[in-house]
Amino acid sequence: MMTSNLQLTAEGKLKHFLTPEGLSSTLLTNILDKAETFFDHSASQVKIKSMPLLRDKTVVNLFFENSTRTRTTFELAAKHLGAEVVNMNIATSATSKGESLLDTIRNLESMFVDAFVVRHAVSGAAHFIAQQTASHISVINAGDGQHAHPTQAMLDMFTIRQHKKDFSHLRVAIVGDILHSRVARSEIHALNILGVKEIRVIAPKTLLPAKIETLGVTVSHDMAQGLEDIDVIIMLRLQKERMSSALLPSEKEYFQCFGLTQNRLKLAKPDAIVMHPGPINRGVEIESQVADGNQSVILQQVSNGVAVRMAVMAMAMLS
Amino acid sequence: MMTSNLQLTAEGKLKHFLTPEGLSSTLLTNILDKAETFFDHSASQVKIKSMPLLRDKTVVNLFFENSTRTRTTFELAAKHLGAEVVNMNIATSATSKGESLLDTIRNLESMFVDAFVVRHAVSGAAHFIAQQTASHISVINAGDGQHAHPTQAMLDMFTIRQHKKDFSHLRVAIVGDILHSRVARSEIHALNILGVKEIRVIAPKTLLPAKIETLGVTVSHDMAQGLEDIDVIIMLRLQKERMSSALLPSEKEYFQCFGLTQNRLKLAKPDAIVMHPGPINRGVEIESQVADGNQSVILQQVSNGVAVRMAVMAMAMLS
Amino acid sequence: MMTSNLQLTAEGKLKHFLTPEGLSSTLLTNILDKAETFFDHSASQVKIKSMPLLRDKTVVNLFFENSTRTRTTFELAAKHLGAEVVNMNIATSATSKGESLLDTIRNLESMFVDAFVVRHAVSGAAHFIAQQTASHISVINAGDGQHAHPTQAMLDMFTIRQHKKDFSHLRVAIVGDILHSRVARSEIHALNILGVKEIRVIAPKTLLPAKIETLGVTVSHDMAQGLEDIDVIIMLRLQKERMSSALLPSEKEYFQCFGLTQNRLKLAKPDAIVMHPGPINRGVEIESQVADGNQSVILQQVSNGVAVRMAVMAMAMLS
């Protein structure tokens, strides 16, 4: 769906960030390295460094779907870079007057803005906006339908590198509702580009897309077998609305088959880390003791999200 | 309804901006000249210059009606001037506790704010607030009922001057629902003050106020006749709710009689410009080919709105 | 419920501000003195001084209940101190995905924020967050259930000191719905700590908590008797929903018994001041002529609220 060059300038620099798909290992690594520069480890309390790289730039948070966590980290990231931020919850505003997406974009770009951070329920929305918008504007995909969530994937890559240093020897398991997950799709692309040894998806057949193997993953339908030799476990949030849609029997049965418990965690490598994009459903896809346990890096993911989003915005808006 | 001196300081400077009515040609021209100073034409991409003229000032966006576009340009304009901005959507907040408008204003002015940007469904609301508020506070009308929308009128004047230089020889047509349009009222006042040769309103009789000629306009009920010799065409948005109110037969019939098509556009002067306050209803009051065509300056209006609102805020808050 | 040391650092400085209860007279006086430093009386128009004491700090306004006035003064206060502010209306966001309060807090603190300003319908919510949150984060209670509203109490203390200089000789009446009022509870604690001569609560029996005398107040059920010798009258807002709950007969009867009229005001000392936390119900608990009269300091309370909240944030976040 995505052509790599739409995301890059003629010189090969990042212009839009829509999906990891089609980007080089070097570019993804540059994002991780850039994000690292925003951390201040000098004090006892790790901090984020504010750097006015985007002074006099304006970022529009264009959220057609609600998302407190993602919107807030983008807002904080932009402000730490000195940009002005305008939050637009489009679900409740312009489109209520029946204006088309394209007219909304045309109007906003005429207000001298420099970037759109876009969350939309339709797959391809950010891609469409990047194709249509003025050439000086950058588009950052903050989640489009079931397609991609590239900054979530990159903050996950940052977290993995933080704990495991090198990607090449890693076996990574992604567990849960792969079928509906833009997070899983972007993670699979990023992990393959960064060259992990194996990506294993663990899910019931009803929650796996057809021909998932073609994305470069191995498949397991069983947690005991699937977690063997795993270095990194990424649990996905189970959307409760799937329950009523005949894809799943019940929360309880799902937890019995695919929930990550302390006992199951022992089946992975002893130093395996546990990740989750949040918000977590305690007792549905993950046991509280695991979510809060010492192998969990879930809250580090949130922290890393601020720095990774700063990196992506700075690189795209200054390319 | 509006006395000119409420808008002016004792020295005749702009204090509040509630309506163009009663203001001098010199003052309106000063607003346009001031707006021009905020553009930076030095780079290939035209930019807005941030200037901290309002540092340590606080602007409250007091929106009793929703308006993404207007609210956002005021917010951006205030931030470009270095002001702090607080957005208040009053429809959903203070008044839910039953507080009167006057008590809301008294409370906000006690918080050391310097300006109110007011959008309200009731004609005269901004005028009332300007009369009642503390003497150091400026009130900018961002649209009150069917009365006035002065910054919209001034960004339109800016756009006309940008393309036509001099107002004195111009014939301007305003087409559509004049009856319900605060934009049309403020445009008619501003165009007359700036001394255009003719303002022609083109509309069905049901969408014209009684005795509209007393505002200094000529009237036409026919597009073919009405567009003759016209330099500037201002199309108004057709509120779809008018359809059901027996004022209009149908969208289709309206478009056939008063929609601006490429063929009809040829009836005006060859260098006529096409304007619209937005959001546009494609295929209702304007054909897409015209809205997106090379005589359309609709998106330039949006850009000019940022600079014009900066000018109005800077002049009123520093007078 | 509250242990004093949760609010203090090991050195006895303010860390969180959850309730006046358990704090020393010296500390409360320090807050008032600090607030005074933010006023600029040099010009004809009193102003608030912006001071970048909290530059590079981030404040999250975490409002689980709507409150335009309180949220706006905290937002303005934080911005005047140079902090970045993120507004989160949690009622409509994260918890709609079913995340627990604790998970919400854990996530936000991972985003490198420095303070939570918390408004919550449940008594003890701010206290719970202060107990649970990371050690570098300050929690400011912006109202929790019927428990405490300490910044409101401190802006009231500031306003009283402004007019009456010394607390030790004062008789203060608090009139109205004591039973449901977090404002009243925090005022009673603060007034006792600062050593007023008498706190008199005036209310019908149905709107008084059991054993209210144990808080260190005298009780009256009669306005004529209760207002005698009073220096400061604090009127409470009557929540209209109490009417239907059998606690009260009618608005009209309440006003006849406990409303503050011009005639009743004459029963207090001639220089008594009239206060109200707002928003006021004109004609329910207070007559308009009194609310707008020259003994009313209600709008000064609002102004003082900005400075007092700046003081509390600066002290807590820099301790």
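Which residue in β4(C) is the bridge partner of Asn61(C)? In β4(C), that partner is Asn87(C). The model in which this pair is found is a predicted one, where local features need pLDDT of at least 70, side-chain atom pairs count only at pLDDT 80 or more, and totals for chains, interfaces and linings use all residues. Residues are numbered from 1 along each chain as its sequence is written, while chains are lettered from A and ligands numbered from 1 in the order in which they are written.

The pair Asn61(C) and Asn87(C) belongs to a sheet of chain C. Strand β3 (residues 58–63) of chain C runs parallel to β4(C), and six bridges join them; strands are DSSP runs of E with at least two residues, helices are runs of H or I with at least four, and both are numbered from the N terminus. Two strands count as paired if DSSP finds at least two bridges between them. The whole sheet is open and has four strands in the order β4-β3-β5-β6 (chain C), with parallel pairing. At its edges lie β4 (84–89) and β6 (138–144) of chain C, each of which pairs on one side only. On average, neighbouring strands of this sheet are turned by 15 degrees against each other, direction ignored.

Asn87(C) also has a place in the symmetry of the assembly. Chain C is superposed on chain B (RMSD 0.0 Å) by a rotation of 120 degrees with 0.1 Å of shift along its axis, the fit being by least squares on the C-alpha atoms of residues with pLDDT of at least 70 in both copies. The two copies are thus related as by a three-fold rotation axis. Of the residues of chain C, Asn87(C) comes closest to the rotation axis, at 6.2 Å (C-alpha).

Chain C also touches chain A. This contact takes 19 residues from chain A and 16 residues from chain C, where residues are in contact if their C-beta atoms, placed from the backbone, lie within 7 Å. On the side of chain A, the elements giving two or more residues are β2 (47–48), α2 (68–80) and α11 (298–317) of chain A. The largest share, seven residues, comes from α2(A).

Within chain C, helix α5 (residues 150–164) packs against helix α11 (residues 298–317) at an angle of about 115 degrees, with their axes 8 Å apart. The axes are lines fitted to C-alpha atoms over the stretch in contact, and angles run from 0 to 180 degrees between N-to-C directions. Among the residues that meet here are Met154(C) and Phe158(C) in α5(C), and Val308(C) and Val312(C) in α11(C).

Notes. Two residues are in contact if their C-beta atoms, placed from the backbone, lie within 7 Å.
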